[in-house]
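Please open the model in your viewer and keep the selection tool at hand. The stops below follow one another, and each says what to select and what is there.

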Amino acid sequence: MLYLSLKTLHLLAIIVWIGGMVFAHFFLRPALPAFESAVRVRLMHAVLGRFFGAVLAAIVVTLVTGLWMIGNVAKQVVQAGGHFSMPLEWTIMATLGILMMLIFGHIRFALYKRLSRATQAADWPTGAAALAKIRISVLVNLGLGVLIVLVTLLGVPR
């Protein structure tokens, strides 16, 4: 029961992260050109600040639950007298997940910081440039997230 609960939390955290990227990239961003630059930058700054807080929580949940589940399976295999070898799909999932977390760290602690400074200074061109860099990084993370889901669900061709 504990394993199922942790797996559910793991998946919900990932849904928040990937779903938020889909919403921001494909729904919110395309609606923004209808607004003047100052409004666009301030709105995205406010939305991303909230979203990035949720992503930080999702990362913590994903890491804790993922490590626990891997450790639990490894422990059970070893206790049963077997040799644990992490499946290729899990290795890909973990590696790309860590890469996503590192990219997010750059987005949150470098690019979003630039956006915050530009918003506070009412420097809309610099804010727009920071948003463009955030958009590209989010698109990369979204692609990695979708790849992880596909590898996890469909496996790796051998």
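Begin by selecting Trp-17, Phe-51, Phe-52, Phe-104 and Tyr-112, which together form one aromatic cluster in this predicted model. A search of the whole structure finds five aromatic pairs, and the next stops visit two of them, both involving Phe-52.

Keep Phe-52 and Phe-104 selected and look at how their rings meet: the pair is edge-to-face, with 5.5 Å from centre to centre and 80° between the planes. Because Phe-52 belongs to helix H2 while Phe-104 belongs to helix H3, which covers residues 88-120, this pair ties together parts that are 52 residues apart in sequence. Are these two residues, Phe-52 and Phe-104, buried or exposed? Both Phe-52 and Phe-104 are buried.

Now replace Phe-104 with Tyr-112 in the selection, and a further edge-to-face pair with Phe-52 comes into view, at 5.3 Å centre to centre and with 80° between the planes. Here too a residue of H2 meets one of H3, so that parts 60 residues apart in sequence are tied together. The relative accessibility of Phe-52 is 2%, and it therefore counts as buried, the cut-off being under 20%. Tyr-112, at 7% relative accessibility, counts as buried as well.

Finally, select residues 37-79 to show the whole of helix H2, whose 43 residues reach 61 Å from the first C-alpha to the last, close to the 63 Å expected at 1.5 Å a residue. Beyond the helix, select Gly-81, which follows H2 and has a positive phi, near 90°.

Terms used:
Residues numbered from 1 in each chain as written. Predicted model: local features only at pLDDT ≥ 70, side-chain atom pairs only at ≥ 80, totals over all residues. Heavy atoms only, no water. Helix = DSSP H or I, 4+ residues; strand = E, 2+ residues; numbered from the N terminus. Expected span 1.5 Å × (residues − 1). Phe/Tyr/Trp six-rings, centres within 6.5 Å; stacked < 30°, edge-to-face > 60°. Buried < 20%, exposed > 50% of the residue type's maximum accessible area, 1.4 Å probe, protein only.
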